[in-house]
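Biologist: I am new to this structure and should like to understand the terms used for it. May I ask how each one is justified?

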Amino acid sequence: MSGNITKIKSQTSAAQDTKKLYIILEHATLETVKVRESYQLLNCDDHSDFLKKYKREASEARPDILHQCLLALFDSPLNKAGLLQVYIRTTKNVLIEVHPQTRIPRTFHRFAGLMVQLLNKLSIRATNGPDKLFKIIKNPVTDYLPPGCKIYATSFSAPKCVDLFDFIPEIFGYGPLPAVPVVIPEEDGGNPLSAFKVGDVKDAVRSAGESYFEGQEDEDKEENEKDKKDNNNKRKLDDQDKDSKKKHKTTSTTTSSKTIINSTPAPNKDQLNGLQQVCFVLGAMSTGAMKLDYNHDEIAFSNYPLSAAGACFKLTTVFERQWGIL
């Protein structure tokens, strides 16, 4: 019973977030190997003899790909705005949850030591707080996604190739929101992190949709007032013509206004306040294809094969544009 309660709580808390991009890094190669008296993270550069001894391919020991993906994801403005959640699943079927405020080590050597500690202790806590930055959780990963979340697997060999800048607006039913610049007070010394917390930035991004509608309402009022003034002027001219009973040659000038129709409809308030959560699965391996049983659709978003880190960067860039994040 306790396990079921935990799952329900995790889904409820996930459903409370209006906007969220979930990314699952599949087939990550995280494996420890004992060298003399210590454990190390297996990689093709430092343990080539070990791989040859057990007749294993170098592609089975590429944790550097996962390191590059995490750097691209957690350095993105999307993650700093609190709109990104990352899960990792290894080739050994180990599921890892990464806290959004985790700072990924810049060097691979430090990252490798961190992963060895994680695989041995099952979690890594923050030094300045009770939060767990990395923790191993129970499968399946779908238990930690919100109800109704659409899951898209990505692969270069997928039968359908889409343009993400058109595909993402089609998912949500509206075009990109206007960006809201973050104003940094002078007393904060120009440090954006001191001016906003993660939640504050997320609230500012959410308010972008509301300001979008307020601007549209103001424009509609101005147009209605102009129409009323034009109608009143026409009536006055007609009355003057009747009183004077003089024939005048009237020249009618028609002004042609160009109407720009966007291919994606403008959002309404119900769409902005509703759930806007989607999940993408990326392969954190060098070669091969993912074999999944929980995705709803499979897509490719480039005509060329991309590295895993390049795919992460492109995906976060599209969602930053969609949700108005600078």
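Modeller: Certainly; please bear in mind that this is a predicted model. One pairing to begin with is that of leucine 21, which stands opposite leucine 84 in S4.

Biologist: What makes S1 and strand S4 (residues 84-90) a pair?

Modeller: Two strands pair if at least two bridges are found between them. S1 and S4 are joined by six bridges, in the parallel sense, so they count as paired.

Biologist: How do you know that S1 also pairs with strand S9 (residues 276-283)?

Modeller: The requirement is again at least two bridges. S1 and S9 run parallel and share eight bridges, and therefore they meet it. Within this pairing, isoleucine 24 of S1 has valine 281 in S9 as its bridge partner.

Biologist: Why is strand S1 (residues 19-28) called mostly covered?

Modeller: A residue is buried when its relative accessible area is under 20%. Nine of the 10 residues in S1 are buried, so the strand is described as mostly covered.

Biologist: Which residues lie nearest the centre of the second largest pocket?

Modeller: They are Thr154, Ser155, Phe156, Gly283 and Leu306, from a lining of 24 residues. The space in this pocket is about 510 Å³. Helix H3 (63-74), S9 and helix H10 (308-322) each supply at least two lining residues, and H10 gives the most, with three.

Biologist: Why is no residue of that lining classed as charged?

Modeller: Only Asp, Glu, Lys and Arg count as charged. The lining has 14 nonpolar and 10 polar residues, so none of those four types is present in it.

Terms used:
Residues numbered from 1 in each chain as written. Predicted model: local features only at pLDDT ≥ 70, side-chain atom pairs only at ≥ 80, totals over all residues. Heavy atoms only, no water. Buried < 20%, exposed > 50% of the residue type's maximum accessible area, 1.4 Å probe, protein only. Helix = DSSP H or I, 4+ residues; strand = E, 2+ residues; numbered from the N terminus. 1 Å grid on protein atoms, 1.4 Å probe; cavity = no way out; pocket = protein on both sides within 12 Å on 5 of 7 lines; lining within 4 Å. Points joined across faces, edges and corners; volume = space filled by probe spheres on them.
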